[in-house]
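These are my notes from a session with one structure. I went through ring pairs, loops, backbone angles and helix packing in turn.

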Amino acid sequence: MASIERTPTGEGVLHGLKVLDLSWGTAGPMATMLLSQQGAQITKIEPPGGDPFRSQLGYHAWNRGKRSAVLDLKDAGDRATFLKLAARADVLLESFRPGVTGRLGIDFETLSATNSRLIYCSITGYGRDNADSQRPAYDALVAARSGLHWEQRGRVGGSTAHLSGKPPFSPDYEVPFEAQQGPPREGPLFPASRFPSLGAAYAATVGISAALRAREITGRGQWVETSLMQGALASGVLAFGIAEDLDAWGFLTWVNDSRAPKGIFEGADGRFVHAWPPSPRFVLAAGEGESLNATPDLAAREDPDRIGLGPEELFVLHHYWKPMADTVKKFTADQWTEAGAQAGVCIQKVRSPEEGLADPLLLADGCVTEIDDPELGPIRTVGTLYKLGNHPGTILGPQAPVGRDTGAVRAEAEALPEPPPSAEPGEFAQKRTSLPGGPLQGIRVLDFGLAVAGPHGAQVLSDLGAEVIKVNALHDWYWHSSQLAMACNRGKRSIAINLKHPDAPEAIAKLLDSADVLLHNMRYPAAIKLGIGYETLAEKYPRLVYCHTRGFERGERENLPGNDQTGACLAGVEWEDGGCSRGGRPMWSLTSMGDTGNGYLAAIGISQALYEREQTGRGQWVDTAIVNAQLLNASHSVARPDGSAFERPRLDAMQTGFSAGVRLYPTRDGWICLCLVKQEEWESLGRALAIPDLLAGGNWASQESRSAHDDGITSMIEAALAPRSAGDAFALLDSAGVPCEISSERASIDLWTNPEALKQQWIVRYPHPMVGELGQVGLAMSFSDTPAKVQGRPFLVGEHTREILAELGYQDSRINELFESGAVNDEHVYPALAEEGAVVADSPWAPKQASDS
């Protein structure tokens with residue numbers, strides 16, 4: 001929204017907050033980076049010798065702007081120093097294995113006793129107090145244990161049929177590998193994206209942000225928990241799911257079917273573009289001549305503008321795949337991208353992360369930033385990813401060397417008084433309000449979102465306790481019949497309004513009178529046209545938090561149509577997940593976190609704006625974009641300003657892994673995943689598989705020698721595992737202390753019948769009037785004091801129109817007039833009978849009648 005200028009006030013919405021970061025890996029450092037960009041003071045507490053994962057290239061992004069202090073928490077003196085800091089901290093984030101903080105005496109129960117306002121966030125592998133709590137929890141292993149490896153390309157007929165135990169759509173229909181995504185092999189695919197950690201990072205950040213808002217009301221901190229397993233589920237929110245009736249009209253789609261071409265084509269220059277949604281009419285018409293025509297006469301062709309949603313469209317996709325591939329091959333990727341921009345069609349060149357970071361448009365927006373790193377020199381990395389009108393955010397500096405701030409941090413602790421035996425700070429002693437409905441209880445959200453990105457953000461707010469009203473168009477039943485729409489629209493009520501009707505503005509105004517938040521992801525000129533632009537609303541509703549999310553960054557691409565796929569192309573995610581650096585083809589993962597990551601960023605920004613509103617009484621503008629989320633998803637990469645790359649792990653072309661120690665291996669009857677990080681783990685592997693060169697003193701005993709002989713080591717491990725069953729291989733390696741998991745095709749089925757996952761609402765099941773029993777991904781985080789919860793099944797479009805209008809003060813007679821004039825609706829017509837205009841009277845779609853009271 002380039003036309004809107006904001007005058008920032010203060011130094012960040014989180015300025016003045018003190019955060020102790022006891023995390024390592026990906027999820028925790030990424031979450032505290034997001035807090036840092038809004039002004040929180042982050043002190044990274046490192047063990048003697050430093051964070052063991054500091055060699056990660058991504059740390060130069062995730063640890064920027066933080067202080068580094070080395071404290072040995074097993075030492076009594078250092079622990080006393082830490083306890084002083086914790087007694088005055090606002091937030092603590094840790095990623096220890098369950099039970100470790102208790103043994104160190106820094107668990108939530110201990111620290112909250114002396115600091116009742118402390119928000120304590122734990123990121124574990126699998127949660128606590130369950131059978132998997134002590135399993136090794138690296139991204140690759142959690143992806144294996146959750147079944148995420150099998151969802152990268154998807155399954156024949158989609159995951160829903162597999163999880164539901166039902167036959168897939170047209171199971172005998174076979175397609176060539178070249179028309180599908182991924183390498184020419186069967187089995188699970190190893191993604192370059194750290195999906196479990198990404199999901200956990202988003203969940204931790206929004207959980208902390210919502211808990212800060214709750215603390216302003218209750219005066220109390222609390223324990224916020226998430227896990228890499230919940231992160232894996234969060235990344236698969238559009239892939240995972242079950243349904244009793246898969247034949248319900250409009251429910252299944254071709255999108256999750258592994259056999260479906262996904263619109264990725266190679267250009268004349270050998271570079272790839274992604275055309276999404278596939279538009280045969282535009283591609284074939286634009287490219288039929290000797291030069292590319294961005295404004296062809298589309299009326300001259302009978303090909304479809306775009307492919308529909310139904311599973312039967314699989315046949316249409318394959319009908320057009322070869323002619324579209326041949327046409328795209330006539331011109332370069334840049335030519336197609338330019339033509340798409342001119343025509344308003346989503347076509348984007350697939351770039352590497354380094355190319356994305358070198359993009360001057362992203363740098364100008366601030367979603368990419370340049371830092372003078374003391375170790376690497378000038379670097380480009382992910383920048384500010386969501387902006388608040390009062391606080392656009394800032395990058396505070398590069399990653400600090402290990403222990404740079406130890407002296408200053410010790411001096412601060414020395415100056416603090418001893419922690420009291422118990423604490424309830426006097427100025428907050430009167431705050432005893434409870435929020436049993438969640439940290440955002442009492443907040444009303446108007447969701448004007450479209451497709452996935454906007455509605456998913458509102459769904460996260462619903463899980464946090466907000467009341468969400470989805471403002472639907474009358475024709476939205478088509479989209480909302482699909483499993484994709486249902487995956488991001490649970491826990492809401494729906495009012496169906498014809499926004500172009502002359503009576504619509506009155507109903508919208510009444511909704512706005514009671515709203516705390518408005519969220520949408522339509523292109524901003526459309527919002528202005530509908531009368532819901534920020535400038536129109538801000539003066540009348542000064543307490544309103546207004547969130548707009550886009551496909552692209554601000555600038556010349558701002559008002560182009562954008563989606564998960566265009567963001568993944570620009571940021572380098574599809575390049576990474578396809579192993580393109582090592583000869584693979586681009587891959588749009590079915591667990592991609594562009595749309596859903598955008599939703600999380602929106603929820604984070606909104607929660608922080610609500611936190612500030614509790615202090616100031618003022619709302620503000622919040623914005624983010626899908627490309628911002630994809631930049632975060634690819635932030636394990638940093639680059640030089642000219643776009644040249646640093647050395648980093650790269651996925652292989654067959655999408656089995658990064659290296660001999662971090663990859664999938666085939667066994668006699670399945671697959672096993674290894675993730676070796678420590679020297680002793682390599683030695684354990686060497687003993688278990690009788691590979692003496694991996695032992696101390698062997699030819700491959702060092703990291704350097706293993707890197708130099710990676711292919712040979714891979715072949716030896718592969719030969720040792722191939723004759724064994726997956727179960728036998730796992731038993732052997734696990735008992736030897738080798739971090740491993742079976743990557744089983746049944747893993748997700750086992751998870752979806754796990755009673756503990758159901759109890760914790762990590763997955764949820766409920767009856768739905770369209771499909772019978774419906775199962776979906778549930779909560780990504782939990783709270784000890786203000787419990788999150790799934791508020792209900794996905795709505796039927798307009799299902800709550802009458803009750804919402806009545807709540808807004810409309811009399812029954814006026815409500816009936818609005819229905820009769822076509823301004824609103826709650827009629828749910830079975831699509832199969834729509835041509836005849838028939839409605840089944842006792843169906844869940846039958847219209848309700850109202851009379852004057």
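**Aromatic pairs.** I am working from a predicted model. I looked up the ring pairs first, and the count came to 20 aromatic pairs. One of them joins tyrosine 120 and tryptophan 223, with 6.1 Å between the centres and 85° between the planes. I noted this pair as edge-to-face, because planes over 60 degrees apart count as such.

I then checked where the two rings sit in the chain. Tyrosine 120 is in strand β5 (residues 119-124) and tryptophan 223 is in strand β6 (residues 223-227). The two residues are 103 residues apart, and the pair links distant parts of the chain. Is tyrosine 120 buried or exposed? I found a relative accessible area of 1% for tyrosine 120, so I entered it as buried.

Next I took the pair of tryptophan 477 and tyrosine 478, which is also edge-to-face. Here the centres are 6.2 Å apart and the planes are at 80°. Tryptophan 477 has a relative accessible area of 36% and is partly exposed. Tyrosine 478, at 37%, is partly exposed as well.

I also found a cluster: ring pairs connect Tyr524, Tyr534, Tyr546 and Trp621.

**Charges over rings.** I looked for arginines placed over aromatic faces and wrote down two. The charged end of arginine 640 sits over the ring of phenylalanine 646, 4.1 Å from the ring centre. Arginine 802 lies over the face of phenylalanine 819, and the distance to that ring centre is 3.9 Å.

**Leucine 544 and leucine 537.** I looked up leucine 544 in the loop between α21 (534-538) and β18 (545-550). Which side of the cut-off does it fall on, buried or exposed? Leucine 544 has a relative accessible area of 4%; buried means under 20%, so this loop residue counts as buried. Leaving out residues up to four places away in sequence, I listed its contacts as Leu512, Ala515, Asp516, Val517, Leu518, Leu537, Gly619 and Gln620. As a distance check I took threonine 406, which is 138 residues from leucine 544 in sequence and 42 Å from it, C-alpha to C-alpha.

Leucine 537 was on that contact list, and I followed it up. Leucine 537 belongs to helix α21 and is buried, with a relative accessible area of 4%. Beyond its neighbours within four places in sequence, leucine 537 is in contact with Leu512, Leu518, Gly531, Ile532, Leu544 and Tyr546. Its C-alpha is 9.7 Å from that of alanine 509, which is 28 residues away along the chain. Tyr546, a contact of leucine 537, is also a member of the ring cluster I noted above.

**Backbone.** I checked the peptide bonds and wrote down a cis one, from tryptophan 276 to proline 277, with omega near -5°. Proline 277 is in the loop between β9 (272-275) and α10 (280-286).

I then looked for positive phi in residues other than glycine. Serine 170 has phi near 45°. Serine 170 is in the loop between α7 (159-164) and α8 (195-218) and is partly exposed at 26% relative accessibility. Glutamine 761 has a positive phi of about 60°. It lies in the loop between α31 (755-759) and β24 (763-768), and its relative accessible area of 24% makes it partly exposed. I added alanine 690, just after α26, with a positive phi of about 60°.

**Helix α26.** I stayed with this helix, residues 679-689, and asked how many of its 11 residues are buried. The count is eight, and I wrote α26 down as mostly covered. The buried residues are Glu681, Trp682, Glu683, Ser684, Leu685, Gly686, Ala688 and Leu689. They pack against β22 (671-675), α27 (703-708), α28 (710-721) and α29 (726-735).

**Helices α24 and α25.** Last, I looked up how α24 (residues 595-616) packs with α25 (residues 626-633): the angle is about 100° and the axes are 8 Å apart. Angles of 65 to 115 degrees count as roughly perpendicular, so I entered the two helices that way. On the α24 side the contact is made by Asp595, Gly597, Asn598 and Leu601, and on the α25 side by Ile626, Asn628 and Ala629. I sorted these contact residues into three nonpolar, three polar and one charged.

How values were computed
Residues are numbered from 1 along each chain as its sequence is written. This is a predicted model: local features need pLDDT of at least 70, side-chain atom pairs count only at pLDDT 80 or more; totals for chains, interfaces and linings use all residues. Side-chain values use heavy atoms; hydrogens and water are left out. Axes are lines fitted to C-alpha atoms, for helices over the stretch in contact, and angles run from 0 to 180 degrees between N-to-C directions. Helices (H or I, at least four residues) and strands (E, at least two) are DSSP runs, numbered from the N terminus. Angles under 35 degrees count as roughly parallel, over 145 as roughly antiparallel, 65 to 115 as roughly perpendicular and the rest as oblique. Contact means heavy atoms within 4.5 Å. Ala, Val, Leu, Ile, Met, Phe, Trp, Tyr, Cys and Pro count as nonpolar, Asp, Glu, Lys and Arg as charged, and the others, Gly among them, as polar. Rings of Phe, Tyr and Trp (its six-membered ring) pair if their centres lie within 6.5 Å; planes under 30 degrees apart count as stacked, over 60 as edge-to-face and the rest as tilted. Buried means under 20% relative accessible area, exposed over 50%, partly exposed in between (1.4 Å probe, protein chains only). A charge sits over a ring if NZ of Lys or CZ of Arg is within 6 Å of the ring centre and within 35 degrees of the ring normal.
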